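Take a look at the model below. The report that follows walks through its parts one at a time.

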Amino acid sequence: MKHIQTLNTRDLCESAKNGGCGECQTSCQSACKTSCGIANQQCENKAQEE
Amino acid sequence: MIHQYKLGGLPIVLDACSGSVHIVDDIAYDMIALYEEKSREEIIAAMLEKYGGREDVNAEELAECYDQITELKNAGKLFTPDTFAPMAGKLKQKTAGVVKALCLHVAHTCNLNCSYCFASQGKYHGERAIMSFEVGKQALDFLIAHSGTRHNLEVDFFGGEPLMNFDVVKRLVAYARSIEKEHDKRFRFTLTTNGVLIDDDVIDFANRECSNVVLSLDGRKEIHDRFRVDYAGNGSWEKIVPKFQKLVAARGGKNYYMRGTFTHANPDFLKDIQVMLDLGFNELSMEPVVCAADDPSALTEEDKAVVMEQYEKLAELMIRRRREGRPFTFYHYMIDLKGGPCIYKRISGCGSGTEYMAVTPWGDLYPCHQFVGEEKFKLGNVWDGVDNTAVRDEFAACNVYARPECKDCWAKLYCSGGCAANAYHATGSVRGVYAYGCDLFRKRMECAIMAEAVRMMEDDK
């Protein structure tokens, strides 16, 4: 019996190897302006997308 | 570090450092809670005692469940150790000296007189002023000159009310477009407006040039008009809603946010979200008010329980409407578990004072729009660049691992240490934490991840 369903998520440890291109949107630049959170940002690293 | 919670009928386990999300059954949920404290035999015995009455539960089955957990641990998807701390400073250094986003305060004045405005009716506790084209042009030149290899540059037209200086806004966009190709840059413009001055010209401009527009609406008419009034004290709801509807209808699928603020007057903000939906808006944002703790608008401890419940109900509403084919988005619940930010971004945070700065109408630079008017945070100006290296270095050293309070928080890689301005106003230090905001943030993340997990599982079927 399967007790655990693991969702397909980005591996943060892996992202340490090729992350940090800095092209993604500045988190406060739209919408909130009064609270911070980066979870809703999209990755714009083309190498990662490919 | 793991975080376990049950929401929307789902037992959920988050592995904070790998970013893994597991939907589990009750047995696995309980086993994971004991995994690091007890032996395999002790855990299986404890589960047999608790679940042994069930037909489908036996020692063999429990051993299999235990082994699934061990497999995930060995695969780096559970109980992943936090190895990021030593690299935090180094990762943030990647942004050293690079500026990629500016908040242009093109108008330190406003045609509304909202008492809860963090910017003191657009004046930021100073004089009314509008930005000249020359200052704005210099700001854009400063941005290009300091953007290094960054291709995407962001400029938000902010205020006050930026449309009170619309001619300069248009000229600045035309200038940026005229130089972006030669510098191999792409400008993304956003506009934050109260809507009073929206007309066909603005709609055409916003839809042609702005990747996003942020439209201020607090929801219910009586809630909106309580604070968002003109200088004669008249509410603005009736005036702006048709303008917003026209702008959004013409937007042709481009992004916008209907952005509201909730205060002590409406901790039950889901009613305001519902009004926005009824008006035909479906890209929504609703933010807790930012003000001094003794301000009558400030959210209280009693409000917190109401707000928490609203967040849960909002997630349920999103799931329900998506199933009905009437989806909507909520800014803080937009989470891409597969293609979201890398660890660099998660550690570095919003970039205030480093890659993101605010520019006043007279060309001074501040770490972000919320620090404008706080003279000691002035970084420099758009002609001479940053000369206040002490403040710049203080913000450059800001990362999630620089805040002791964040050390044991499961949500730290979703919030990246939070808002420096909120921290400063709550604690007197940009490296502090705004604890009330942390509570709301953690609840929002629990809800966002639950709603996204439901979506992903239903899409898989």
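In which sense do E4(B) and strand E12 (residues 356-359) of chain B pair, and over how many bridges? They pair in the parallel sense, over four bridges. Keep in mind that this is a predicted model.

**Around strand E4 of chain B**

Start with the pairing of E4(B) and E12(B). Here Cys103(B) stands opposite Ala358(B) of E12(B). E4(B) has another parallel partner in strand E6 (residues 152-159) of chain B, with six bridges between them. In that pairing, Ala107(B) has Gly159(B) as its bridge partner. Strand E5 (residues 129-130) of chain B also pairs with E4(B), but in the antiparallel sense and over two bridges. Ala107(B) appears here too: its bridge partner in E5(B) is Ile130(B). Strands of a sheet pair through backbone hydrogen bonds, and the pairing can be parallel or antiparallel.

Is strand E4 (residues 101-108) of chain B largely enclosed or open? Eight of its eight residues are buried, so E4(B) is largely enclosed by the rest of the structure. To count as buried, a residue needs 20 or more other C-beta atoms within 10 Å of its own.

**A sheet shared by two chains**

Now turn to another sheet. This one is open and has four strands, in the order E1(A)-E3(B)-E2(B)-E1(B). The pairing is antiparallel. The edges are strand E1 (4-6) of chain A and strand E1 (2-7) of chain B, and each pairs on one side only. On average, neighbouring strands are turned by 25° against each other, ignoring direction.

Within chain B, strand E2 (residues 10-15) and strand E3 (residues 20-24) run antiparallel and share four bridges. Val13(B) stands opposite His22(B) of E3(B). Across the chains, E1(A) and E3(B) are joined by three bridges and run antiparallel. Gln5(A) has Ile23(B) of E3(B) as its bridge partner.

A helix lies across this part of the model. Helix H16 (residues 435-460) of chain B lies across E1, E2 and E3 of chain B. H16(B) runs at about 110° to E2(B).

**Where the chains touch**

How many residues of chain B are in contact with chain A? The count is 77 residues of chain B, in contact with 40 residues of chain A. H16(B) gives the most to the side of chain B that touches chain A, with six residues. By class, that side has 37 nonpolar, 24 polar and 16 charged residues.

One residue to find on screen is Asp25(B), in the loop between E3 and H1 of chain B. Asp25(B) touches His3(A) and Pro11(B), leaving aside residues up to four places away in sequence. Is Asp25(B) buried or partly exposed? Asp25(B) is partly exposed, because 16 other C-beta atoms lie within 10 Å, and being buried takes 20 or more. The C-alpha atoms of Asp25(B) and Asp167(B) are 59 Å apart, with their positions 142 residues apart along the chain.

**Two helix pairs in chain B**

The table sets out two crossings.

| Helix pair | Axes come within | Crossing angle |
|---|---|---|
| H1 (residues 26-34) and H2 (residues 40-51) of chain B | 10 Å | roughly 145° |
| H5 (residues 133-145) and H6 (residues 166-180) of chain B | 10 Å | roughly 35° |

The crossing of H1(B) and H2(B) is right-handed. Their contact includes Ile27(B) and Leu34(B) of H1(B), and Ile43(B) and Tyr51(B) of H2(B). By class, it has seven nonpolar, no polar and two charged residues.

The crossing of H5(B) and H6(B) is right-handed. Among the residues that meet are Phe133(B) and Leu140(B) in H5(B), and Val168(B) and Tyr175(B) in H6(B). This contact has six nonpolar, one polar and two charged residues.

**Chain A and its confidence**

Chain A has two helices and one strand. From the N terminus on, they run β-α-α. Of its 50 residues, 60% count as buried.

Chain A averages a pLDDT of 79, and 82% of the residues score at least 70. Which element of chain A has the lowest mean pLDDT? It is helix H2 (residues 46-49) of chain A, at 52, while E1(A) has the highest, at 96. Where pLDDT is low, the predicted coordinates should not be read in detail.

Key. Residues are numbered from 1 along each chain as its sequence is written. Chains are lettered from A and ligands numbered from 1 in the order in which they are written. This is a predicted model: local features need pLDDT of at least 70, side-chain atom pairs count only at pLDDT 80 or more; totals for chains, interfaces and linings use all residues. Two strands pair if DSSP finds at least two bridges between them. Axes are lines fitted to C-alpha atoms, for helices over the stretch in contact, and angles run from 0 to 180 degrees between N-to-C directions. Two residues are in contact if their C-beta atoms, placed from the backbone, lie within 7 Å. A crossing is left-handed if the near helix is turned anticlockwise from the far one by less than a right angle, and right-handed if clockwise. Ala, Val, Leu, Ile, Met, Phe, Trp, Tyr, Cys and Pro count as nonpolar, Asp, Glu, Lys and Arg as charged, and the others, Gly among them, as polar. A residue is buried if 20 or more other C-beta atoms lie within 10 Å of its own, exposed if 12 or fewer, and partly exposed in between; C-beta atoms are placed from the backbone. pLDDT is the predictor's confidence in each residue, from 0 to 100.
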